[in-house]
Structure formats: structure tokens, C-alpha cells
Amino acid sequence: MAELTDKELAKKIQHTNVNPELTKEDILSLCNDCVQYDFDGVMLQPAWVPTAVEALKGTDIKVCTALGYPMGADFTDAKVYQARECFAKGADQLDFMANIGYLKGGMYDAYRDEIKAVVDAAEGKVTKIMLEFGMLTQDEKKRAAELAIEAGITYVKNSSGWGKGGHATIEDIKLLKEIAGDRALVKASGGIRTREQALAFIDAGASLLGTSAGVAILTGKVGEKGAY
């Protein structure tokens with residue numbers, strides 16, 4: 001397993017807290033963590049994007065947000081509108097979920113077209129699709145990743161880490177890397193708690209890690225902040 005310095009590892013981590021009960025003070029604390037440990041980005045709910053943009057002004061830390069989860073069945077138009085609003089308010093990157101029912105019901109064009117609609121709305125900004133592997137068969141995992149890549153997604157991501165999406169596994173990240181090749185990047189999320197796990201997912205092909213345990217991963221203090 002390749003070793004990384006703390007700084008190198010921190011730049012693979014998007015420090016995450018998308019819990020619904022967070023206050024402005026919690027968001028500012030999350031951003032402060034990002035500054036202190038020099039994480040790649042902060043991941044939070046859309047309503048807090050302006051707060052994070054202001055708090056991280058003058059840094060290279062990316063403001064990232066997520067929408068359409070944990071259910072994924074919002075109107076496509078609503079997802080497109082939200083994507084445009086998030087970027088207009090200063091977000092650098094967007095993670096989102098497509099309608100899993102489209103995929104599982106064989107509505108492959110509808111599934112791909114929804115992803116493409118959000119990708120188009122991003123106008124070149126980084127987009128990541130939360131594939132929710134915990135709900136999919138092996139064949140569905142492959143189909144979902146391939147359709148997302150066809151739609152122009154920047155990153156394929158195994159899960160939101162919420163609901164039925166499940167936690168990251170080495171096997172799933174290797175699968176995503178095999179499918180993506182040089183056409184897309186891979187993000188691992190859900191259940192990443194330790195440095196050993198983080199390095200294993202990077203070795204498996206992940207370019208980014210989504211976790212609320214970023215501080216624990218870098219400090220070695222198990223249980224330090226985070227359940228995502």
C-alpha cells in the first residue's frame with residue numbers, strides 16, 4: 001500500500017457533514033477544519049453554500065454540495081434548477097443522485113438523460129453521480145456507471161453514504177475504476193473512518209474520498225468527528 005504524507009492525503013479528502021440538524025456554527029466549524037487540515041474540499045447541504053464560500057474565501061479549498069438524495073426521485077427539472085442555483089451561489093462541485101427507479105426498471109435512457117441534464121446545467125463544473133450501490137445488483141452497478149459516463153459525468157461515486165446507498169467497499173471501487181478507465185474519475189464514500197481504509201481505497205482507484213471522519217483519519221483519533 002502506497003504511503004502518503006498528511007498533506008497529500010488531506011488533498012484526497014472532501015470533509016463532509018450533510019446532517020439536517022447542522023447550524024451555521026457547525027458549518028463554520030466544518031470549514032475551519034478544512035482550513036486547519038487543508039482538505040481538498042468541504043461537502044455540505046446546498047443552503048450552506050454561501051456560508052462556506054464566505055468562510056473559505058482566499059483559500060484553495062473547494063465548496064462542494066450534494067442534492068437529490070437519499071431518495072433520488074425529485075423531478076429532473078428540479079435537480080437542474082438546484083444545480084444551477086448551487087453553482088450560481090458559488091459552489092465549485094456538485095454530487096447528486098439520479099432516479100434509481102429508472103435504472104432498476106430498465107428505463108436506461110431516462111436514467112442517462114437525467115444525469116446528462118444535470119451535467120449540462122453545470123456548464124463544465126465538476127459533477128459526481130452518487131450511484132447508491134447498496135441498492136443495485138452487480139449488473140446494475142456496471143450499467144449505472146456506464147450510463148453515467150456516457151452522460152458526461154466527471155466522477156462516478158459508489159454511494160451518498162446515506163439511506164440504502166451503503167458503504168464503500170474495495171471491490172466496488174475497483175469495479176468503478178475498471179469501468180471508468182480514463183473516461184471519468186472515482187470517488188469513494190460511506191464508512192471511511194481510518195487512515196488504513198483511506199489508503200486502501202486510494203490504492204483501489206479512488207481519486208477522492210468523501211468522509212466526515214477526515215480529522216480522525218489524519219490525527220489517528222478514532223471517533224473524532226463524523227458518522228458519514
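Helix H9 has its buried residues covered by a set of elements that includes helix H1 (6–10), helix H8 (170–180), S7, S8 and H10. H9 itself spans residues 195–204, and its buried members are Ala 198, Leu 199, Ala 200, Phe 201, Ile 202 and Ala 204. Keep in mind that this is a predicted model. From H9 we can move to the strand S8, then to the whole chain and a few odd spots.

**Around H9 and S8**

- Right after H9 comes Gly 205, with a positive phi near 130°.
- S8, one of the elements covering H9, is itself covered on both faces.
- On one side of S8 sit Leu 208 and Gly 210, on the other Leu 209 and Thr 211, and all of them are buried.
- That two-sided layout goes with a general habit: in a regular strand, side chains alternate between the two faces of the sheet.
- S8 has a parallel partner in strand S1 (residues 13–16), with three bridges joining them. Here His 15 has Thr 211 as its bridge partner.
- Strand S7 (residues 185–189) also pairs with S8 in the parallel sense, again over three bridges. In this pairing, Lys 187 is matched with Leu 208.

**Just past S8: Ala 213**

- Ala 213 sits in the loop that leads from strand S8 (208–211) to helix H10 (214–219).
- Ala 213 counts as buried because its relative accessibility is 2%, and the cut-off for buried is under 20%.
- Ala 213 and Ile 13 are 200 residues apart in sequence, yet their C-alpha atoms are 9.5 Å apart in space.

**The chain as a whole**

- The chain has 10 helices and eight strands.
- Its radius of gyration is 16 Å, close to the 17 Å that the globule rule gives for 228 residues, so the chain is as compact as a globular protein of that length.
- Along the principal axes, the C-alpha atoms fill a box of roughly 45 × 40 × 30 Å.
- Half the story is inside: 50% of the 228 residues count as buried.
- Take the contacts between residues at least 6 apart in sequence, and 66% of them join residues at least 24 apart.
- The accessible surface comes to about 10100 Å², and carbon and sulfur atoms account for 51% of that.
- As for charge, there are 27 positive and 33 negative ones, and their mean positions are 0 Å apart.

**A buried glutamate in H6**

- Glu 114 belongs to helix H6 (residues 108–122).
- With a relative accessibility of 2%, Glu 114 counts as buried.
- Leaving aside residues up to four places away in sequence, Glu 114 touches Gly 72, Asp 74, Thr 76, Lys 79, Met 97, Ala 98, Asn 99 and Tyr 102.

**Backbone oddities**

- As background, most residues other than glycine have a negative phi, and most peptide bonds are trans.
- The peptide bond from Tyr 69 to Pro 70 is cis, with omega near 5°. Pro 70 is in the loop between strand S3 (62–67) and helix H4 (76–88).
- Glu 123 has a positive phi, near 50°, and lies in the loop between H6 and strand S5 (126–130).
- Glu 132 also has a positive phi, near 55°, and its place is in the loop between S5 and helix H7 (138–150).
- Which of these two is buried and which is exposed? Glu 123, at 71% relative accessibility, counts as exposed, whereas Glu 132, at 0%, counts as buried.

Note on methods. Residues are numbered from 1 along each chain as its sequence is written. This is a predicted model: local features need pLDDT of at least 70, side-chain atom pairs count only at pLDDT 80 or more; totals for chains, interfaces and linings use all residues. Side-chain values use heavy atoms; hydrogens and water are left out. Helices (H or I, at least four residues) and strands (E, at least two) are DSSP runs, numbered from the N terminus. Buried means under 20% relative accessible area, exposed over 50%, partly exposed in between (1.4 Å probe, protein chains only). The radius of gyration is taken over C-alpha atoms; the globule rule is 2.2 Å times the number of residues to the power 0.38. Contact means heavy atoms within 4.5 Å. Accessible areas come from the Shrake-Rupley method with a 1.4 Å probe; for residues, only the protein chains shown count as cover. Lys and Arg count as positive and Asp and Glu as negative; His and the chain ends are not counted. The place of a charge is taken as NZ of Lys, CZ of Arg, CG of Asp or CD of Glu. Two strands pair if DSSP finds at least two bridges between them.
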